[in-house]
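Visitor: Please pick one part of this model and walk me through it slowly, strand by strand if that suits it. I'd like to know what sits beside what, and how that part fits into the whole.

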Amino acid sequence: MNNLQQNYHEVCAKIADAVQAAAREPRSVHLVAVGKTFPAADIRALYAEGQRDFGENYIQEWSAKAKELADCREIVWHIIGQVQSNKTRLVAESAHWVHTIDRLKTAQRLSSQRPDTMPPLQVCIEVNIAAEANKHGVPPDEAVALACEVAKLPKLQVRGLMCVAEADAGEDALRRQFETMRQLLADLQAAGIAADVLSMGMSADMALAVECGATHVRIGSAIFGKRDYAV
């Protein structure tokens, strides 16, 4: 077993442990393996191990990988980076999920460009949970309203909410952020949206996110290793 495979199985075990510790149902948390900056060969190797959900941040990089991995027919692509207006067609025509909807205009473009032959694009509203100036997402008090508008669009299905928690926050602050996300999901459900997804938690805060209700954790470096952005 190589390092990539070992890392992957260790992360899967940590998720299972976190789910058990939180007294949640087995398999109630889905791993999205984030392969940004890593080659398609690494994704293929994890696919062979049974992983099916993969997250990508950069649209051009993802598009090239998707073509190279077209024979991996059960792969599920999650876009977890910003989708610029000139990239929406690529996403609408090939992706399965978009976690980063924070503008109605983006959702409208994705809706109009989604092929009729494909199932609805699964989308999450991105929330800037810590009000950080350098992060995308809507303020928490605007998330439900945006979700309700997006839910009116054809060929999109609002599944829930996504956040990137504050990187250097302590456990108490992180818990408050994750608990706010859980309350926002409840508010979304109360507004009549059949939402069931909380996309939150990464390599450093995965266990706490699971404790606070995450359904999808986005793990990159703990599986693939440290990224070299100079490549």
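**A closer look at the parallel strands**

Guide: Let's start with strand E2 (residues 53-56), which runs parallel to strand E3 (residues 76-79) and is joined to it by four bridges. Strands pair here if DSSP finds at least two bridges between them. The element names are DSSP runs numbered from the N terminus: helices are H or I with at least four residues, strands are E with at least two. Before going on, bear in mind that this is a predicted model, so local features need pLDDT of at least 70 and side-chain atom pairs count only at pLDDT 80 or more, while totals for chains, interfaces and linings use all residues. Residues are numbered from 1 along each chain as its sequence is written, and side-chain values use heavy atoms, with hydrogens and water left out.

Back to the strands. Across the E2-E3 pair, Phe54 faces Trp77 of E3. To get from E2 to E3 the chain goes by way of helix H3 (residues 59-68), in a right-handed β-α-β crossover. Right-handed means that, with the strands pointing away from the viewer, the path from the first strand over the helix to the second runs clockwise.

The next step follows a related plan. Two bridges link E3 to strand E4 (residues 97-101), again running parallel, and His78 stands opposite Trp97 in E4. Here the chain crosses through helix H4 (residues 88-94), and the crossover is right-handed.

Then comes E5 (121-127). E4 and E5 are parallel and joined by three bridges, with Gln122 of E5 as the bridge partner of Trp97. So Trp97 is worth clicking on: it stands opposite His78 on one side of the pairing list and Gln122 on the other. Together E4, H5 and E5 form a right-handed β-α-β unit.

How much of E4 is buried? Five of its five residues are, so E4 is largely enclosed by the rest of the structure. Buried means under 20% relative accessible area, exposed means over 50%, and partly exposed is in between, using a 1.4 Å probe and protein chains only.

Now turn to H5 (104-113). Its buried residues are Thr106, Ala107, Leu110, Ser111 and Gln113, and they pack against H4, E4, E5, helix H6 (143-150) and strand E6 (156-163).

Just past H5, in the loop leading to E5, you find Arg114. This arginine is buried, at a relative accessible area of 2%. Who are its partners? Setting aside neighbours within four places in sequence, Arg114 contacts Val91, Ala92, Ala95, Pro119, Pro120, Leu121 and Lys155, where contact means heavy atoms within 4.5 Å. Val91 is 23 residues away along the chain, yet the two C-alpha atoms are separated by 8.5 Å.

A couple of loop residues have backbone angles to check. Most residues other than glycine have a negative phi. Ala131, in the loop between E5 and H6, has a positive phi of about 55 degrees and is exposed, with a relative accessible area of 68%. Ala23 also has a positive phi, near 55 degrees; this alanine lies in the loop between helix H1 (3-21) and E1 and is exposed at 69%.

As for annotation, UniProt lists Lys36 under "modified residue: N6-(pyridoxal phosphate)lysine" in an unreviewed entry; its positions are given in the numbering used here, feature names are shortened, and annotations may be inferred rather than shown by experiment. In the model, Lys36 sits in the loop between strand E1 (30-34) and helix H2 (40-48) and is buried, at 15% relative accessible area. The UniProt entry, which is unreviewed, also places "domain: Alanine racemase N-terminal" at residues 22-227. That stretch is 36% helix and 19% strand, with its end C-alpha atoms 30 Å apart.

Stepping back, the protein has nine helices and eight strands. Its radius of gyration is 17 Å, close to the 17 Å that the globule rule gives for 231 residues, so the protein is as compact as a globular protein of that length. That radius is taken over C-alpha atoms, and the rule is 2.2 Å times the number of residues to the power 0.38. The C-alpha trace spans about 45 × 40 × 35 Å along its principal axes, and 49% of the 231 residues are buried. Among contacts between residues at least 6 apart in sequence, 58% join residues at least 24 apart.
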